[in-house]
Structure formats: C-alpha cells, structure tokens
Amino acid sequence: MSKRPVQWNDQVDLVSSDDEAADMEADGGSSGQKQTTYVFNYQPADEKPSEDRMVRRAKMYQEYMKKVPVPCQRGSIILCNSWMGLAKSIKELYGQPLHYLTNILLKQWDQARFETGEDYQPLDTIIHPLKAEATIWFVEDVHRRTASYHQLSKLWLGDPVHHAFIDPIFPKI
C-alpha cells in the first residue's frame, strides 16, 4: 500500500519549471525536444486562491494530465467492493493518477449505488471486474483529453476540498 506524500488538508500544485528544461538542453539533453519538469508547490488549504491563480493551476493540471498515457496493457482482474475501491487499486497497480473529474464521478456512482441499499453487495458481483476497469479507463481517457481547464477552475473554486480528489501520484512522463 502506498503512502500519501501530503496530508489530505494540503493542496498540491503542479508548477512547470522551463528553466530546468533549458538547463538540460544546454547540458546536451535529449534530442532537442523541450522537456517540462513538474515541481510540487504546497499551499495550505485555508488560503483561498484568486480566480486567475485557480485558472492557471487548472490549466497546468489539465496539460499535465493530457501527457500521462492511459495504460494499454491490463495487469490482472481486480476484485472490488466499490468504484472508489477499484479506483484505489488501479492507482496502486498502475502507478497512475486518475483525473479529478473521474474521481468525482466514481464517488457519485458509489453514492448512487449505496442509496439503493445495494452497498452490501460487492461491485464485482454486479459488473465484471474487467468491464468495470475498462469503464474507468475509458472515462479517464475522455477526461484527460477533453476536460476544460476553465470548467475545472470553476469547480475547484466552488469546492474548498477539491484537492482531496486530485491524486498525489505523479508518474514520470
């Protein structure tokens, strides 16, 4: 089980450091392509960011998520009790974050299922685990490719705990 690098009440920003990329190119880095390094910038959750700042964060987040490839090869069948449980297992197995919008959607699916009184029945007995995982990756691909950073920033401004649904997993891309 992986440990969270930050507490739930901390916020994680992705900050692009183009200076480091320029230094790498000057030092004889790879094939002349501009590389971007992502650095973590922590901000206490009680500080309310401005709208412009939130738009910049959402834009950096969305640009980063577009660069993270959805895995082509599936590992094994993952048994699960809930959508959020399946998402947690997927994150650990593939070392990949899931998009903020995917995490919110999976939470809503679990809430809708639990409101029907079916919370005692494991998800993998309702839907085949491979189909459930494929559904998550399909939705994830849509969110990574098409989400508007303007819409993300509006959602984040309206949700003081939005950072709880931004995964702290940052694979090397």
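A residue counts as buried when its relative accessible area is under 20%, as exposed when over 50%, and as partly exposed in between. Keep that in hand for these exercises on a predicted model.

**Exercise 1.** Is Tyr61 buried or exposed, and which aromatic pair does Tyr61 form with Trp156?

*Solution.* Start with the count: the structure holds 4 aromatic pairs. In one of them, Tyr61 and Trp156 meet edge-to-face, 5.4 Å centre to centre with 70° between the planes. Next, place the partners: Tyr61 sits in helix α2 and Trp156 in helix α7, 95 residues apart, so the pair links distant parts of the chain. Now apply the cut-off. Tyr61 has a relative accessible area of 5%, so Tyr61 is buried. Trp156, at 4%, is buried too. Finally, ring pairs join Tyr61, Tyr100 and Trp156 into a cluster.

**Exercise 2.** Where is His162 found, and which backbone oxygen lies 3.4 Å from a polar atom of its side chain?

*Solution.* Look first in the segment after α7, where His162 is found. The backbone oxygen in question belongs to Trp156. As for exposure, His162 has 4% relative accessibility and therefore counts as buried.

**Exercise 3.** Which residues make the nonpolar surface patch of about 300 Å²?

*Solution.* The patch is made by Ile77, Leu79 and Leu130. Take Leu130: this residue belongs to helix α6, residues 129–146. Its relative accessible area is 42%, so Leu130 is partly exposed.

**Exercise 4.** How many disulfides does a search of the whole structure find?

*Solution.* The search finds 0. Check two cysteines for accessibility: Cys72 is exposed at 74%, whereas Cys80 is buried at 6%.

Key: Residues are numbered from 1 along each chain as its sequence is written. This is a predicted model: local features need pLDDT of at least 70, side-chain atom pairs count only at pLDDT 80 or more; totals for chains, interfaces and linings use all residues. Side-chain values use heavy atoms; hydrogens and water are left out. Patches are made of residues with over 30% relative accessible area and no salt bridge: like charges are joined within 9 Å, nonpolar side chains (Val, Leu, Ile, Met, Phe, Trp, Tyr) within 5 Å. Accessible areas come from the Shrake-Rupley method with a 1.4 Å probe; for residues, only the protein chains shown count as cover. A salt bridge is a side-chain nitrogen of Lys or Arg within 4 Å of a carboxyl oxygen of Asp or Glu. Helices (H or I, at least four residues) and strands (E, at least two) are DSSP runs, numbered from the N terminus. Buried means under 20% relative accessible area, exposed over 50%, partly exposed in between (1.4 Å probe, protein chains only). A disulfide is a pair of cysteine sulfur atoms within 2.5 Å. A polar contact is a pair of N or O atoms within 3.5 Å; within protein, one must be able to donate a hydrogen and the other to accept it, and residues adjacent in sequence count only if both atoms are side-chain atoms. Rings of Phe, Tyr and Trp (its six-membered ring) pair if their centres lie within 6.5 Å; planes under 30 degrees apart count as stacked, over 60 as edge-to-face and the rest as tilted.
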